[in-house]
Amino acid sequence: MEQKKQTVLDIKARKESGAKISMLTAYDYPWALLVDQAGIDVILVGDSLGMVVLGYKDTVSVTMDEMIHHTKAVTRVVKRAVVVGDMPFGSYNVSTKAAIKNANRFMKEGKADCIKLEGGKSMAPVIQAIVGAGIPVQGHIGLTPQTASALGGFKVQGKSAEAAQALIEDAKAVEDAGCFSLVLEAIPAPIAKMITEVVSIPTIGIGAGVDCDGQVLVTHDMVGLFDRFTPKFVKQYTQISDTISTAIAEFKADVENQKFPEEQHSFMMNADELRKIDEAS
Ligand code: KIV
């Protein structure tokens, strides 16, 4: 695996070359190491962190400080992938000034390569300002989990001709605002294909069919490490929670039956020294 650090320009160039982009989430050192060593092109420190790691009921509660803490853990280990810091709810919808300030934190403190934010046309001025400040931005349209309540829940977006047309306009708007790539979430496959054809930046789909320029999944979903629900668009490649549960149950039984620790896990002592203690007591 080529170890050369990937840049946002390498990702953008994939549109031209046609080589598909792989993207997964990671929120800490061990997972970032595994994902990076596997040669995944883009690592998203997603605000899905809030649900799959921190146990919140949704992503709305995630704070900037939490995102920065986890982004730092990821960038400490990643050598090859582009690292995207996900702007949490409330960090870019208050004012453009605050949005730039928070995007700067991802770059300066988190050492991310770029940021991602949710929203179409209405977010174009904010995207433009952040790009203007020298920070690459990945867009995210369709089902935008941070504003799911305004969308009436976690629903597939763009199902009517009118809604699909609005999504196409959103895609063009965020491209014009300067995004280097665009996540399409929970969109009918034919609409994602249309968007992919009309924009000049790579699209990365999650529940958006096979014709996007790349695909992204939440890692904890695809390895079976999130218990609450698994969206229809997730392919579960393994059920790692079963393996972990078995190991934990075996440890408990070993402790209770004094089968652990064995000699190889214990520290021994020079017999003469041990005898001296015995004699002294
Ligand atoms: O936070 C996240 O993990 C995301 C993905 C669903 C794209 O935004």
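How are H4 and H5 oriented relative to each other, roughly parallel or roughly antiparallel? In this predicted model, the axes of helix H4 (residues 64-75) and helix H5 (residues 96-108) come within 9 Å and cross at roughly 20°. Because angles under 35 degrees count as roughly parallel, H4 and H5 are therefore roughly parallel to each other. Their crossing is right-handed, and it brings Met64, Asp65, Met67, Ile68 and Thr71 of H4 into contact with Asn102, Arg105 and Phe106 of H5. By residue class, this contact of H4 with H5 comprises four nonpolar, two polar and two charged residues.

A second helix pair is formed by H7 (residues 161-177) and H8 (residues 189-198), which pack at an angle of about 30° with their axes 10 Å apart. That angle makes H7 roughly parallel to H8, and H7 passes H8 in a right-handed crossing. On the H7 side the contact involves Ala164, Leu167, Ile168, Ala171, Lys172 and Glu175, while H8 contributes Ile191, Met194, Ile195 and Val198. The residues of this contact of H7 with H8 divide into eight nonpolar and two charged, with no polar residue among them.

The ligand is surrounded by Thr25, Leu44, Gly46, Asp47, Ser48, Asp86, Lys116, His140, Glu185, Ile206 and Val218. Among these residues, Asp47 places a polar side-chain atom 3.0 Å from an oxygen atom of the ligand, and a polar side-chain atom of Asp86 lies 3.2 Å from a ligand oxygen atom. For Lys116, an N or O atom of the side chain is 2.9 Å from an oxygen atom of the ligand.

Terms used. Residues are numbered from 1 along each chain as its sequence is written. This is a predicted model: local features need pLDDT of at least 70, side-chain atom pairs count only at pLDDT 80 or more; totals for chains, interfaces and linings use all residues. Side-chain values use heavy atoms; hydrogens and water are left out. Axes are lines fitted to C-alpha atoms, for helices over the stretch in contact, and angles run from 0 to 180 degrees between N-to-C directions. Helices (H or I, at least four residues) and strands (E, at least two) are DSSP runs, numbered from the N terminus. Angles under 35 degrees count as roughly parallel, over 145 as roughly antiparallel, 65 to 115 as roughly perpendicular and the rest as oblique. A crossing is left-handed if the near helix is turned anticlockwise from the far one by less than a right angle, and right-handed if clockwise. Contact means heavy atoms within 4.5 Å. Ala, Val, Leu, Ile, Met, Phe, Trp, Tyr, Cys and Pro count as nonpolar, Asp, Glu, Lys and Arg as charged, and the others, Gly among them, as polar. A residue is near a molecule or strand if one of its heavy atoms lies within 4 Å of it. A polar contact is a pair of N or O atoms within 3.5 Å; within protein, one must be able to donate a hydrogen and the other to accept it, and residues adjacent in sequence count only if both atoms are side-chain atoms.
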